[in-house]
Amino acid sequence: MPTETKQTEPRSTDPHANDAAPYGGGDPYADYRAGDFPFTELVDLADRRLGAGVIAANDEFFAERENLLIREPAVFDPERFGHKGKIMDGWETRRRRGADAAHPFPAPEDHDWAIVRLGTPGIIRGVIVDTAHFRGNYPQRVSVQATSLEGAPGPEELLADDVKWEELVPPTPVRGHAANGFEITGGRRYTHLRICQHPDGGIARLRVHGEVVPDPAWLAALGTIDLISILNGGMYEDASDRFYSSPAQIILPGTSRKMDDGWENRRRRVRDTNDWVRFRLPAQGAVRAVEIDTAYLKGNAAGWISLHGRDGDSGEWSEIIPRTRLQPDTLHRFVLDAEAVVTHVRLDTFPDGGVARMRLHGSLTEAGAAELARRHEESGA
């Protein structure tokens with residue numbers, strides 16, 4: 001299936017038109033050029049919490065490649081310098097030079113690159129190349145390629161001549177001190193991504209949003225799995241409120257590390273209403289046990305919860321867990337009297353409050369396993 005890229009807004013061909021003004025003091029984000037990218041609602045496949053990593057780069061003279069995947073926004077300290085120059089919170093390469101004094105500029109094809117292992121294989125729907133604080137030292141253009149190579153390949157294997165890299169974003173001008181978004185259309189499943197700077201420069205953060213496509217053979221081998229985990233293809237669909245933190249964090253792997261590492265909504269003041277969040281399983285599954293964790297949520301945990309499920313996009317909602325009181329900063333476990341066969345679940349909190357993690361333990365049904373196997377095959381090379 002061919003892949004197309006849509007830039008979220010036009011870029012000038014003037015090599016200096018996209019510069020940001022020099023830092024003038026005060027809040028360094030005051031003149032940051034953000035963007036509204038719908039695909040950011042999808043999971044970040046390059047999230048370190050999912051196992052992503054920057055495994056190689058041809059150059060990282062000024063700033064380390066690993067900074068690309070830090071979860072927090074890039075920080076800027078105008079007084080921070082080291083032996084190599086200004087210390088930046090991102091990946092920054094040295095200035096490329098030409099072949100000799102008669103040719104001081106690098107050749108048109110010269111560029112720097114970094115290879116990112118996605119935390120989980122998936123279909124890429126959008127990429128954010130964030131150049132925060134790189135005002136005059138950002139790359140003139142960027143390009144993005146992706147490939148699918150199973151197992152745990154190292155840099156040598158990924159750079160081998162027989163590995164096919166597909167271009168998702170052709171060399172394209174970007175803006176300095178800005179979030180540069182690229183919408184990707186196509187249905188291929190990828191495991192690794194290569195971000196290129198043309199010819200050199202700095203990128204603060206990289207985000208790779210898309211849909212997880214798990215390996216059905218792996219899930220079958222595991223038997224009982226967390227049917228709602230992002231790693232297994234669970235997906236956040238919608239929520240009543242996302243004021244303090246994203247509801248998508250409820251289905252992240254591992255345990256919550258702090259209060260904002262889960263879902264916390266604002267204080268609900270309208271009586272006889274409640275907050276809710278809806279998720280989609282990777283395919284039809286049979287749920288046999290549920291975990292609801294309120295770790296680090298003490299005075300702001302949900303007071304009560306209920307859980308409902310449905311089979312299919314238009315199925316009727318049925319009760320899985322009735323309205324039940326929660327304790328703050330506590331892991332709650334529920335063994336179901338009968339397995340719930342569902343494709344979607346809705347967690348309701350009463351009246352509001354936070355939930356750190358939710359787990360749905362069970363297995364795919366025969367129909368669900370067949371559907372997932374079909375999607376996996378269609379998204380392959």
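Me: In this predicted model, what makes a set of grid points a cavity, and which residues line the largest cavity?

Reply: A cavity is a set of points where a 1.4 Å probe fits but cannot get out, and its lining residues have an atom within 4 Å of a point. By that criterion E41, L42, V43, G210, V212, I230, G234, M235, Y236, A248 and I251 line the largest cavity, and the elements that give two or more residues to this lining are β13 and β15 (235-239).

Me: How many cavities of 30 Å³ or more does the structure hold, and how much space lies in the largest cavity?

Reply: The structure holds one cavity of 30 Å³ or more, and about 100 Å³ of space lies in the largest cavity.

Me: How is the lining of the largest cavity divided by class?

Reply: Eight of its residues are nonpolar, two are polar and one is charged. Since Gly counts among the polar residues and Glu among the charged ones, G210 and G234 fall in the polar class and E41 in the charged class.

Me: Why is the space of about 1,100 Å³ called a pocket?

Reply: The term pocket is used because the set of points is open, with protein on both sides within 12 Å along at least five of seven lines, whereas a cavity would not let the probe out. The largest pocket has a volume of about 1,100 Å³, and of the 36 residues that line it, the closest to its centre are T40, R49, R71, R207 and H209. Two or more lining residues come from each of β2 (43-44), β7 (112-130) and β13 (205-212), with β13 giving the largest share, three residues. By class, this lining has 16 nonpolar, six polar and 14 charged residues.

Me: What is the volume of the second largest pocket, and which residues are closest to its centre?

Reply: The second largest pocket has a volume of about 770 Å³, and R95, G136, Y138, P199 and D200 are the closest to its centre of the 28 residues that line it. Its lining has eleven nonpolar, seven polar and ten charged residues.

Me: What makes I195 a member of the largest nonpolar core?

Reply: Membership requires a buried residue of a listed nonpolar type, Ile among them, joined through side-chain atoms within 4.5 Å, and I195 is therefore a buried residue of this 72-residue core, as well as one of those with the most contacts inside it. Strand β17 (residues 275-293) gives the most to this core, with seven residues. Among the residues that I195 touches, not counting those up to four places away in sequence, are L68, W91, V129, V142 and L206.

Notes
Residues numbered from 1 in each chain as written. Predicted model: local features only at pLDDT ≥ 70, side-chain atom pairs only at ≥ 80, totals over all residues. Heavy atoms only, no water. Points joined across faces, edges and corners; volume = space filled by probe spheres on them. Helix = DSSP H or I, 4+ residues; strand = E, 2+ residues; numbered from the N terminus. Buried < 20%, exposed > 50% of the residue type's maximum accessible area, 1.4 Å probe, protein only. Contact = heavy atoms within 4.5 Å.
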